[in-house]
Amino acid sequence: VNEPTALAAVRAAYDSLFATVRMWNGAPRCDPAAIGTASSLVHHEARLLDDGALGEWLALWHVDSLSWLPLRAGVHPADDQSFYLDDARRRRERVDWMRSPDAWSQSPEVRTVRTIGSVEGRFTGQGDLYVRSAFHLAELRLPPVRQWFGHLYHRFVLDATSATGWLLVHKIIVVPQLAQTAEHPGLVL
Amino acid sequence: VTTLDFDDLVQPGRVHRRIYTDPAVHELEMERVFGGTWIYLCHDSQIADRGDFVNVRVGRRPVIVSRLADGGIAAVLNRCTHRGTTLTVEASGCAKRFMCPYHGWTFEPDGRLVGVPYPQNYADLDRERLGLGRLTVAEHRGFWFGTLARDPIPFDTWLGSARGPMDEIIDRHPGGAITVLPTPMTIEFAGNWKLSWDNAADGLHATFAHRSYNGLGRSTGIDTVLQRDPASTPMYARVLEHGHVVVDQRPGIPAGPWSTMRAMPLAEGLESDLRNNAGAGSSSLLDLATGSMLNLSLFPSLLFVGNQLMVVESVAVDRTRLRLYLTVPADAPAEVTMLRLRVDEDFASFGNSDDFAMFERIQDGLGIPEMPWIDMSRGLGSPTDRVDPDTGGVTGPITSEAAQRSYLAEWRRLMEAGA
């Protein structure tokens with residue numbers, strides 16, 4: 001019996017998302033020629049988030065894109081609970097919600113500083129750029145400062161209409177402390 | 001109030017801030033509440049096979065719950081009887097035995113001490129006495145609870161009429177078969193653990209604290225389950241025995257749970273598949289992808305909320321850890337599980353976060369010594385709260401604070417019984 005079309009499509013989307021992380025397993029696959037572009041793109045994204053330029057941040061994304069905050073590394077998104085897995089619509093809703101004066105958990109205004117490092121990049125023949133990086137995120141709403149750290153996995157596709165020449169298709173944020181205990185990671189984008 | 005005088009601390013319609021702020025009260029709670037009644041441990045599906053274990057907390061006590069060879073389970077204190085080392089730091093796993101990494105003492109999953117290196121150094125080693133501390137365990141339909149109480153209230157008595165709504169939650173899954181997914185959301189807030197209990201059956205806060213979540217729904221033309229006029233909705237809360245409470249939201253959403261959800265990521269195709277393939281049953285399958293709309297709170301450690309099991313652990317008087325385990329139907333079309341993955345994370349992002357902000361603001365406010373009282377009088381003596389003449393249980397609108405008064409009465413009973 002063939003699997004229903006939509007179910008197969010959702011599984012394929014999750015497989016593809018998972019592959020964006022898994023491709024970095026094993027042997028080093030960094031393409032030195034990709035590091036400049038990779039570094040520029042992930043630093044640009046981090047700056048928009050830290051500046052609160054969330055409208056510009058949304059414009060970085062492909063219409064058919066997924067952002068994922070798993071609870072633990074190495075688990076397929078169809079097999080376990082996540083903290084969130086957003087498509088373009090819920091990502092936009094998340095931004096609207098964060099800007100809402102009624103979102104008490106976002107008040108007073110949250111300040112964040114992201115530090116990105118250990119950037120690796122890899123081009124594929126299909127016009128994709130995969131980027132792996134390490135990050136540290138300091139977040140202050142009310143004291144004390146919250147600290148988050150982990151790895152980011154980005155997948156970009158070439159797009160001539162984008163200001164950067166690329167659009168973001170996948171972003172996965174792997175934060176080790178979520179597997180143990182943490183405060184609410186609502187600001188980890 | 002300078003000593004623990006429960007007549008002062010818990011009064012009709014108001015409670016003293018000290019029960020949320022005093023470390024001495026908290027220490028007693030760990031002993032008499034979390035050590036004195038039935039505490040949720042885990043679900044059958046988390047330890048399906050022999051040797052499977054989960055590492056959980058009973059209050060602050062680390063506890064290993066293992067599947068035994070005979071199919072039963074054992075819950076033992078995760079503390080070597082030699083020098084006190086925890087035997088495992090893994091959240092879950094599979095183990096034939098637990099060997100202490102410090103000096104090599106080895107224990108069976110049921111707690112028996114079976115290995116002591118260099119035993120000749122002991123004049124008289126009483127292995128039987130040196131087994132791990134073991135909890136009394138009991139279960140209802142795969143949900144396991146344990147207690148450290150020497151003479152616990154019988155489990156069936158403790159669960160009481162909460163069994164009915166618990167069965168309803170279980171039986172909405174085909175064959176009553178539930179799987180608990182492996183990784184919980186584990187989230188801490190800077191507030192007392194009872195704030196999560198004050199909130200669990202509080203239907204009024206949804207209008208105010210969750211304004212942002214309701215606004216998200218409205219932005220897409222959806223009335224969330226919380227977007228109801230609390231004064232007129234037929235949703236109700238029923239106080240059960242031993243501090244348990246059930247909030248039935250179903251009467252307030254005649255179009256069913258699925259009607260309360262905005263479009264979730266990757267959901268449209270799955271919804272179409274279900275509608276095309278399941279025919280007349282598709283509506284109930286879509287509702288199954290959403291929460292039961294029957295929120296059941298089993299005092300003091302387990303809340304059924306949506307499709308998640310919210311387990312309450314107290315870390316300190318002003319710090320609480322919640323573990324939210326996602327349940328999925330073991331025997332339903334895969335689309336239902338795929339939808340649940342996206343449905344339940346939605347409120348965790350946009351709802352729980354604002355609850356935690358409230359809890360932390362309350363904890364801050366309760367630090368003011370000149371304002372000692374917390375009001376919990378809504379519905380008390382009001383004709384809107386109907387008292388069952390046989391059981392004394394109260395059924396009232398979701399705005400009533402009968403649920404809070406009820407769990408605090410059980411809290412008081414445990415605190416006084418422990419003395």
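The following questions and answers walk through a predicted model of two chains, A and B.

Trainee: Which pattern of helices and strands does chain A follow along the sequence?

Mentor: In this predicted model, chain A has 4 helices and 7 strands. Read from the start of the sequence to its end, these elements of chain A give the pattern α-α-α-β-β-α-β-β-β-β-β.

Trainee: What is the radius of gyration of chain A, and how does the globule rule bear on it?

Mentor: Along the principal axes, the C-alpha atoms of chain A fill a box of roughly 50 × 45 × 35 Å. For 189 residues the globule rule gives 16 Å, and the value for chain A is close to that, so chain A is as compact as a globular protein of that length, with a radius of gyration of 17 Å.

Trainee: How many residues of chain B are in contact with chain A, and what area do the two chains bury?

Mentor: On one side of the interface stand 38 residues of chain A, and these are in contact with 48 residues of chain B. Of the area buried between chain A and chain B, 54% is on carbon and sulfur atoms, and the area itself is about 3700 Å².

Trainee: How many salt bridges does the rule find across this interface, and how far apart are the closest N and O atoms of Glu268(B) and Arg89(A)?

Mentor: Across the interface of chain A and chain B, the rule finds 6 salt bridges, and it also finds 27 residue pairs in polar contact, both residues being at pLDDT 80 or more. Glu268(B) forms a salt bridge with Arg89(A), and their closest N and O atoms are apart by 2.7 Å.

Trainee: Which element supplies the largest share of the side of chain A that touches chain B?

Mentor: Helix 1 (5-22), strand 2 (82-86), helix 4 (88-99) and strand 7 (182-183) of chain A each supply at least two residues of that side. By class, the side of chain A that touches chain B has 17 nonpolar, 8 polar and 13 charged residues. The largest share, 7 residues, comes from helix 1 of chain A.

Trainee: In which sense does strand 7 of chain A pair with strand 14 of chain B, parallel or antiparallel?

Mentor: Strand 14 of chain B covers residues 185-189, and 2 bridges link it to strand 7 of chain A. Glu183(A) stands opposite Glu188(B), which belongs to strand 14 of chain B. The sense of this pairing between the chains is parallel.

Trainee: Which strands are the edge strands of the open sheet 8-9-10 in chain B?

Mentor: This open sheet of chain B is formed by 3 strands with antiparallel pairing. Strand 9 (residues 106-107) is joined to strand 10 by 2 bridges, and Thr106(B) has Gly115(B) in strand 10 as its bridge partner. The edge strands, each pairing on one side only, are strand 8 (98-99) and strand 10 (113-115) of chain B.

Trainee: Where along the backbone are the peptide bonds cis, and which residue has a positive phi near 55°?

Mentor: Most residues other than glycine have a negative phi, and most peptide bonds are trans. The bond from Pro143(A) to Pro144(A) is cis, with omega near 0°, and Pro144(A) is in the loop between strand 4 (128-140) and strand 5 (146-158) of chain A. The bond from Phe299(B) to Pro300(B) is also cis, with omega near 10°, and Pro300(B) lies in the loop between strand 17 (294-298) and strand 18 (302-305) of chain B. In the loop between strand 10 and strand 11 (136-140) of chain B, the residue with a positive phi near 55° is Tyr118(B).

Definitions and conventions
Residues numbered from 1 in each chain as written. Chains lettered and ligands numbered in written order. Predicted model: local features only at pLDDT ≥ 70, side-chain atom pairs only at ≥ 80, totals over all residues. Heavy atoms only, no water. Contact = heavy atoms within 4.5 Å. Buried area = accessible area lost by both parts, 1.4 Å probe. Salt bridge = Lys/Arg side-chain N within 4 Å of Asp/Glu carboxyl O. Polar contact = N/O pair within 3.5 Å; in protein donor to acceptor, adjacent residues only side chain to side chain. Nonpolar A, V, L, I, M, F, W, Y, C, P; charged D, E, K, R; others polar. Pairing = 2+ DSSP bridges. Rg over C-alpha atoms; globule rule 2.2 N^0.38 Å.
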